[in-house]
Amino acid sequence: MSSTEAPTRVGKRDLATREVKVTDRQEVATRLLASSAKKSYDPMVEVDWDAPVPDHLYGMTPEWSTLYRTSMWDEMSLEQQVTLTKHEVSSIMSTGIWFEMILMQLIVRDMYGKDASTPHFQFALTEIADECRHSIMFARASERFGCPSYLPSRTALELGRIFKAVAVGATAYGAILVAEEILDVMQRDWMKDERVQPIARTTSKIHVLEEARHMRFAREEIVRRSEGLSRAQRSRERVRLAGGAYFITNSLVNPAVYAAAGLDTKRALAAAKSNEHYKAKMRGSASKLMGFLDEVGMVGGPSVNLYKRVNLL
Ligand SMILES: [Fe+2]
Ligand SMILES: [Fe+2]
């Protein structure tokens, strides 16, 4: 699917004939539980939190900075670029915490009253435990970089409060997948980049490894939960999911990061907004995700515009 093309296949074919298969829920969860037992990390132990934070290393891969390839970036000293990327990565991690708190509640609500003896229930709770550790890990990393706990805008915070209380089914798991996939693509770059702070590399590696299971879990649930939607429900859920994706993506980098790096906020925001390099990175990071959501019929109609506005399409 090209970035300019609206996904139009959905709705024009029999959903039952699509390539995405519905698998056995308990079988999948059994495999995911076995994988968690083999490979899970306690970031409080695995990360060397007392290690120095070197002055010359970026907070994240610089190509992921919202200002990379702009004239402002070229005008900045290395020290300023390092400071900006530390604040940008801390903002992304803070947004991660915000969203992990939403998703923990989505999953708790989904599991409420379900059969605790099933692998599905037990993996869902394992995922919540993972997210608890991730949020503490992100909080600690930002703290080590000397960055504040960034929060999304008041509007995003309040809409998130509603979303976590009401979102269900394919929309709930769809929003979970959006946040996890975007972060996953970025963190795969950061974890292997020698120009990046060791703390950002280790925390990214832990997150990538554990999130692979969460993404599998979310994808399977989206396939199952989107199966029986009527046409009206589907169009409503598409817009809700796109709304969630819009606020998650828009909240990644807090405007306050620019002043923290000694930059003019207004000029930096304008430069970031028109940064074609960054837009292309975002579209690239979302291509697999958007292809999947399209495949299960969760993209189409007015939702396409929302995805385009935050460069996911
Ligand atoms: Fe996580
Ligand atoms: Fe996750």
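Modeller: A salt bridge is counted where a side-chain nitrogen of Lys or Arg lies within 4 Å of a carboxyl oxygen of Asp or Glu. Please keep in mind throughout that the model is predicted.

Biologist: With that criterion in hand, how many salt bridges does a search of the whole structure find?

Modeller: The search of the whole structure finds 20 salt bridges. One of them joins Asp110 to Arg225, with the closest N and O atoms 2.8 Å apart; because Asp110 belongs to helix 4 and Arg225 to helix 8, this pair ties together parts that are 115 residues apart in sequence. Asp110 is buried, at a relative accessible area of 13%, whereas Arg225, at 22%, is partly exposed.

Biologist: Where do Arg216 and Glu220 lie, and how many residues apart?

Modeller: Both are in helix 8, four residues apart, which is about one turn of the helix, and their side chains meet in a salt bridge of 2.8 Å from N to O. Here Arg216 is partly exposed with a relative accessible area of 28%, while Glu220 counts as buried at 10%. A comparable reading applies to Glu158 and Arg154, whose salt bridge has an N to O distance of 2.6 Å and which are four residues apart in helix 6 (residues 154-166), about one helical turn; Glu158 is partly exposed at 29%, and Arg154 is exposed at 56%.

Biologist: Which residues are linked in a network of salt bridges?

Modeller: The network links Arg25, Asp110, Lys114, Arg216, Glu220, Glu221, Arg224 and Arg225, so that the two pairs Asp110 with Arg225 and Arg216 with Glu220 can be read as parts of it.

Biologist: Turning to the metals, which residues coordinate the iron ion (ligand 1), and how are its donors spaced along the chain?

Modeller: A donor is an N, O or S atom within 2.8 Å of the metal, and water is not among the atoms, so a site may look incomplete. For the iron ion (ligand 1) the donors are Glu100 (OE), Glu131 (OE), His134 (ND1), His207 (NE2) and Glu211 (OE), at 2.0 to 2.3 Å, and in sequence they follow E-x30-E-x2-H-x72-H-x3-E. Within this set, Glu131 and His134 are separated by about one helical turn because they are three residues apart in helix 5; both Glu131 and His134 are buried, each with a relative accessible area of 0%.

Biologist: What coordinates the iron ion (ligand 2), and how far apart are the two iron ions?

Modeller: The iron ion (ligand 2) is coordinated at 1.9 to 2.5 Å by Glu131 (OE), Glu180 (OE), His214 (ND1) and Glu211 (OE), the last of these being listed twice. The two iron ions are 3.7 Å apart, and Glu131 coordinates both. The pair Glu131, in helix 5 (residues 119-144), and Glu180, in helix 7 (residues 169-191), links distant parts of the chain, 49 residues apart. Glu180 is buried, with a relative accessible area of 4%.

Biologist: How many cavities of 30 Å³ or more does the search find, and which residues lie closest to the centre of the largest cavity?

Modeller: There is one cavity of 30 Å³ or more, holding about 160 Å³ of space. Its lining has 16 residues, of which Gly96, Phe99, Ala179, Glu180 and Leu183 are the closest to the centre; Glu180, as we saw, is also a donor to the iron ion (ligand 2). Helix 4 (78-111), helix 7 and helix 8 (198-227) each give two or more residues to the lining, with helix 4 giving the most, six residues. By class, the lining divides into nine nonpolar, three polar and four charged residues.

Technical notes:
Residues numbered from 1 in each chain as written. Chains lettered and ligands numbered in written order. Predicted model: local features only at pLDDT ≥ 70, side-chain atom pairs only at ≥ 80, totals over all residues. Heavy atoms only, no water. Donors = N, O, S within 2.8 Å, 3.2 Å for Na, K, Ca; no water. Buried < 20%, exposed > 50% of the residue type's maximum accessible area, 1.4 Å probe, protein only. 1 Å grid on protein atoms, 1.4 Å probe; cavity = no way out; pocket = protein on both sides within 12 Å on 5 of 7 lines; lining within 4 Å. Points joined across faces, edges and corners; volume = space filled by probe spheres on them. Nonpolar A, V, L, I, M, F, W, Y, C, P; charged D, E, K, R; others polar.
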